[in-house]
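Work through the exercises below with the sequence and the structure open. Each task is followed by a solution in steps.

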Amino acid sequence: MAFLILIRFVIIAFIVYLFYRGIRYLTDPKRKLDEAYEVERYYFHDDVKNVRKNFFITYKGAMFEGEKYLGTTENSFDVVTIFVWVRNESKLQGFTKDDFNFLKTEILTYYPMATISWKNPIEQLMKD
């Protein structure tokens, strides 16, 4: 009798664990980033509370990575400098200045005090 109760408890615990893992999988931001990259959709993945972690943006099939630097503003510490680069330069084919201005606007939504610097070859396009 005690053995049956123990088996039922183990089965219920296993079902609860599977349900928990399923919810964690569905809400995982890294999985959402990978999915958006595959279908060439916009997605911004960042841990805003952790300045040491880079953020990732997928847009039109290209994956961008941004490195944040903490500094001082007039009355607080905030992210003041951001360097952004693309993971695979060949994915930039067809991008325009408007696309990069859109990305800049989206980044400034999260970090309004930051100045954004693009790494080559994006930097050359934005200077012209």
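**Exercise 1.** Classify Leu6 by its relative accessibility, then place Leu6 in an element and in a surface patch.

Step 1. Leu6 has 48% relative accessibility and therefore counts as partly exposed; buried means under 20% relative accessible area, exposed over 50%, partly exposed in between (1.4 Å probe, protein chains only).
Step 2. The residue lies in helix H1 (residues 2–26). Helices (H or I, at least four residues) and strands (E, at least two) are DSSP runs, numbered from the N terminus.
Step 3. Together with Phe3, Ile7, Phe9, Val10, Ile11 and Ile15, Leu6 forms a nonpolar surface patch with about 720 Å² of accessible area in total. Such a patch takes residues with over 30% relative accessible area and no salt bridge (a side-chain nitrogen of Lys or Arg within 4 Å of a carboxyl oxygen of Asp or Glu), its nonpolar side chains (Val, Leu, Ile, Met, Phe, Trp, Tyr) being joined within 5 Å. Areas come from the Shrake-Rupley method with a 1.4 Å probe; for residues, only the protein chains shown count as cover.

The model is predicted: local features need pLDDT of at least 70, side-chain atom pairs count only at pLDDT 80 or more, and totals for chains, interfaces and linings use all residues. Residues are numbered from 1 along each chain as its sequence is written, and side-chain values use heavy atoms, with hydrogens and water left out.

**Exercise 2.** Where is Glu40 found, and what is its phi?

Step 1. Glu40 sits in the loop between helix H2 (29–38) and strand S1 (43–45).
Step 2. Its phi is positive, about 55°, although Glu40 is not a glycine.

**Exercise 3.** Which residues does a cis peptide bond join?

Step 1. The bond links Asn120 and Pro121, with omega about 5°.

How values were computed. Patches are made of residues with over 30% relative accessible area and no salt bridge: like charges are joined within 9 Å, nonpolar side chains (Val, Leu, Ile, Met, Phe, Trp, Tyr) within 5 Å.
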